[in-house]
Amino acid sequence: MMTHINRWVKGSLLLGAVMAAFSACTKMDDTYKQFLEGGEIIYTGRVDSLKVFPGKNRVLLSWYLVSDPKITRCRVFWNQRSDSAEVAVKRTGGVDTVKLLLDKLPENIYTFQVYTYDNARHSSVKEEAIGNVYGDAYTATLSNRPVRSAKYDATKKETTIWWFGVNSQVVKVEVVYTNTAGVETTLTQVADSVPALPRDPMEFRASLKLPGYQAGTPFKYRTAYKPVKIAIDTFYTAYETQTVQ
């Protein structure tokens, strides 16, 4: 008798477990059903390696299209999606590079969101990147590389400029002077390697020689900056005039 009771109890427990599992599955189906109303959601392939190259009141966006040959256009949103721009895409069958220049942007920090689309208006999930746009406020912070001294050598007919240190964002210094023929000449100094230490990082030398210099005349100079190495624009200080000893 006890054996029959045990079998009945075990059977009841098993039936209860099956019914509970069935009920859970039914509730799960009902939960997901609301997301599938109107059909299965289809996404296009998302962009890859999104990069922002900053500039003066503009940025250059660049990304790759690696998958999904059906993609026909990409759209970029910024300013909390209140502004956007679109670029048409023609896939080649391989990895395609897409570039988009956005100009006339106020100086600010922006978050850019990029989506892809196909002809059926399916879209991808977003790819997002943050980038700076530089302008007059950044330019106002820049200063010329300071001159330590500038001396004329009458024997060599040249002037040597001795500089103080240089900001890490500086990419070149342009010097304009008058040569012995009375012609205005421009000489550009950029970072280079020190001959004694060729493996060291590039740096600006502490001096610059201006050959064929016309005695008794001043020179003017300006300094060029890039806020980051990948910037697409160069920012210049105003020219400054310097007398020669």
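Strands, like helices, are DSSP runs numbered from the N terminus, a strand (E) having at least two residues and a helix (H or I) at least four, and two strands pair if DSSP finds at least two bridges between them. The model shown in these views is predicted, so that local features need pLDDT of at least 70 and side-chain atom pairs count only at pLDDT 80 or more, while totals for chains, interfaces and linings use all residues. Residues are numbered from 1 along each chain as its sequence is written, and side-chain values use heavy atoms, with hydrogens and water left out.

**View 1. The hairpin of β3 and β4.** Strand β3 (residues 71–78) runs antiparallel to strand β4 (residues 83–88), and six bridges join the two. C74 stands opposite V87 of β4. Four residues lie between the strands of this hairpin, in which N79 takes a positive phi near 55°.

**View 2. The hairpin of β10 and β11.** Strand β10 (residues 170–178) pairs with strand β11 (residues 184–189) in the antiparallel sense over six bridges, and V175 has L187 in β11 as its bridge partner. Five residues lie between the strands, and G182 in this hairpin takes a positive phi near 80°.

**View 3. Surroundings of T116 in strand β6.** T116, in the strand that spans residues 108–118, is buried, with a relative accessible area of 0% (buried means under 20%, exposed over 50% and partly exposed in between, with a 1.4 Å probe and protein chains only). The T116 side chain makes a polar contact with the side chain of T44 at 2.8 Å (a pair of N or O atoms within 3.5 Å, of which, within protein, one must be able to donate a hydrogen and the other to accept it, residues adjacent in sequence counting only if both atoms are side-chain atoms). A polar atom of the T116 side chain also lies 2.6 Å from the backbone oxygen of G45. Leaving aside residues up to four places away in sequence, T116 touches, among others, V47, L65, I71 and C74, contact meaning heavy atoms within 4.5 Å.

**View 4. Surroundings of G131 in strand β7.** G131 belongs to the strand formed by residues 127–133 and is buried, with a relative accessible area of 6%. Residues up to four places away in sequence not being counted, G131 touches V52, N108, I109, Y110 and F112. Although G131 and L60 are 71 residues apart in sequence, their C-alpha atoms are 9.7 Å apart in space.
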